[in-house]
Amino acid sequence: MPLNQEPIAEINNVVRIYTKPLVKPRKGAHRRFVGFLKREKQTIRALDGVSFKIHPGECVALLGPNGAGKSTTVKLLSGILHPTSGQVRIFDQDPYHNRIDCAMRYGVVFGQRSLLWTHVPVKESLKLYQKMYNVPKPIFDERLKEFTEILDIEKHLPTAPRRLSLGERMRCEIIAALLHQPEVIFLDEPTVGLDVVAKKKIRDFIRRINREEKVTVFLCSHSMRDVEELTDRIILISKGNIKFDGPKRQLKRRWSNERKIRVLYKKVNKANWQTELEEQQGVLELTTQNGQADLRIDQDQLAIGDLLKDIMELLVVDDIQVTEPNLEDIIREIFGDEERVNNLQMEAN
């Protein structure tokens, strides 16, 4: 992580509050009419004192449950929204008040909102972006040829987006966001609803752009496969607050103390072997069926080596597999436990 460089984007103590009408059930035409004239409002604190920095060349994932503030953060960084309080900077500018200047230097892909004109052939939309971003024709032609070959969409350029599949359209969207050689690309659910092949093409392409062109990537996604394959740093957000900000491996190491062990055995050496294993401190769960034992253990309480030694004495083992929770399991567990989310924030601080 190039922390010796100045940040390319920065959010400092940002609060973002929305107001929206409060809908209440009202009986009677008169009360409904009065309610329409005197509509009450409610405030929603989408972000509550959020701060972080993004450095050039990083690939960062912003993760959290629905309503956590992820999309609001992307919209603030890309200048679509302004903060209620606090400061947002990108390229050392305010992206909301300098949106045109900043937009020339970043690209945005919203998985559920198209950059392309629905009824216009893809290539004509891309030519329009060429004019908007003042991309010289030789560079435009070179990048378009390179990108369409990599993403295998050359044959779709004469087609209107409405006639393309979702995967084909998303590959075109990413090209539209990168044709002008941006320094940063914001990706909000770029692989949502895509098939396995389309997802792989997009991931491979984003990884290539990040490594070869040093494009800074800021990713919001519910796909843990996207996060696993693309990012090195994770920011966890919940209820408008940053709960963790650090390397992916640090999150895994700190919060993946559990291990799953599967034992395939031929016969037992002790009749009460199940009881002996279950009574060991650190064994959280044990299930058995047809010559197979599955254990879930806490590594902080029980060393795997010690457990395996005991298993070899209790059973005639045919095979042993030890697996650690994947990132999706870890994130699901963290956000499924409010106390653990709060502990995570304390640890991160």
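This is a short tour of a predicted model, going from one selection to the next.

**Stop 1: a three-stranded sheet**

Start by selecting strands β2, β1 and β4, which form an open sheet in that order with antiparallel pairing. At the edges are β2 (41-54) and β4 (85-90), each pairing on one side only. Direction ignored, neighbouring strands here are turned by 30° against each other on average.

Next, bring up β1 (residues 9-21) together with β4: five bridges join these two antiparallel strands. Which residue of β4 is the bridge partner of E10? Click on R89 and you have found that partner. Now add helix α2 (residues 70-77), which packs on the sheet and touches β1, β2 and β4. Compare directions while you are there: that of α2 makes about 65° with that of β2.

Before leaving this part, show the side chains of R16 and Y18. R16 lies over the face of Y18, at 4.7 Å from the ring centre.

**Stop 2: aromatic pairs**

Aromatic rings come next, and the model has seven aromatic pairs. Select Y106 and F186 to look at one of them: the ring centres are 5.6 Å apart and the planes stand at 70°, so this pair is edge-to-face. Colour strand β5 (residues 106-110) to place Y106, and strand β6 (residues 184-188) to place F186; the pair therefore ties together parts that are 80 residues apart in sequence. Are these two residues buried or exposed? Both Y106 and F186 are buried. Widen the selection with F52 and F218, and you have one aromatic cluster made up of F52, Y106, F186 and F218.

A second pair to select is F147 with F205. Their ring centres are 5.0 Å apart with the planes at 80°, so they too are edge-to-face. F147 belongs to helix α5 (residues 137-151) and F205 to helix α7, so this pair ties together parts that are 58 residues apart in sequence. Turn on a surface if you like: both F147 and F205 are buried.

**Stop 3: K200 on helix α7**

Stay with helix α7 (residues 196-212) and pick out K200, which is found there. Why does K200 count as partly exposed? Its relative accessible area is 48%, and the partly exposed class runs between the 20% and 50% limits, so K200 falls within it. For a distance check, pick the C-alpha atoms of K200 and D226: they are separated by 9.1 Å, and the two residues are 26 apart along the chain.

**Stop 4: a four-stranded sheet**

Finish by selecting β11, β12, β10 and β13. In that order, these four strands form an open sheet, again with antiparallel pairing. The edge strands are β11 (283-289) and β13 (315-323), each of which pairs on one side only. From one strand to the next, the twist averages 20°.

Zoom in on β10 (residues 258-268) and β12 (residues 292-298). How many bridges join these strands? There are seven, and the two strands run antiparallel. To see one facing position, select V263, which stands opposite A293 in β12.

The last selection is helix α11 (residues 304-314), which packs on this sheet and touches β10, β12 and β13. View α11 alongside β13, and you will find that their directions make an angle of about 155°.

Definitions and conventions: Residues numbered from 1 in each chain as written. Heavy atoms only, no water. Pairing = 2+ DSSP bridges. Axes fitted to C-alpha atoms, helices over the stretch in contact; angles between N-to-C directions. Contact = heavy atoms within 4.5 Å. Buried < 20%, exposed > 50% of the residue type's maximum accessible area, 1.4 Å probe, protein only. Phe/Tyr/Trp six-rings, centres within 6.5 Å; stacked < 30°, edge-to-face > 60°. Lys NZ or Arg CZ within 6 Å of the ring centre and 35° of its normal.
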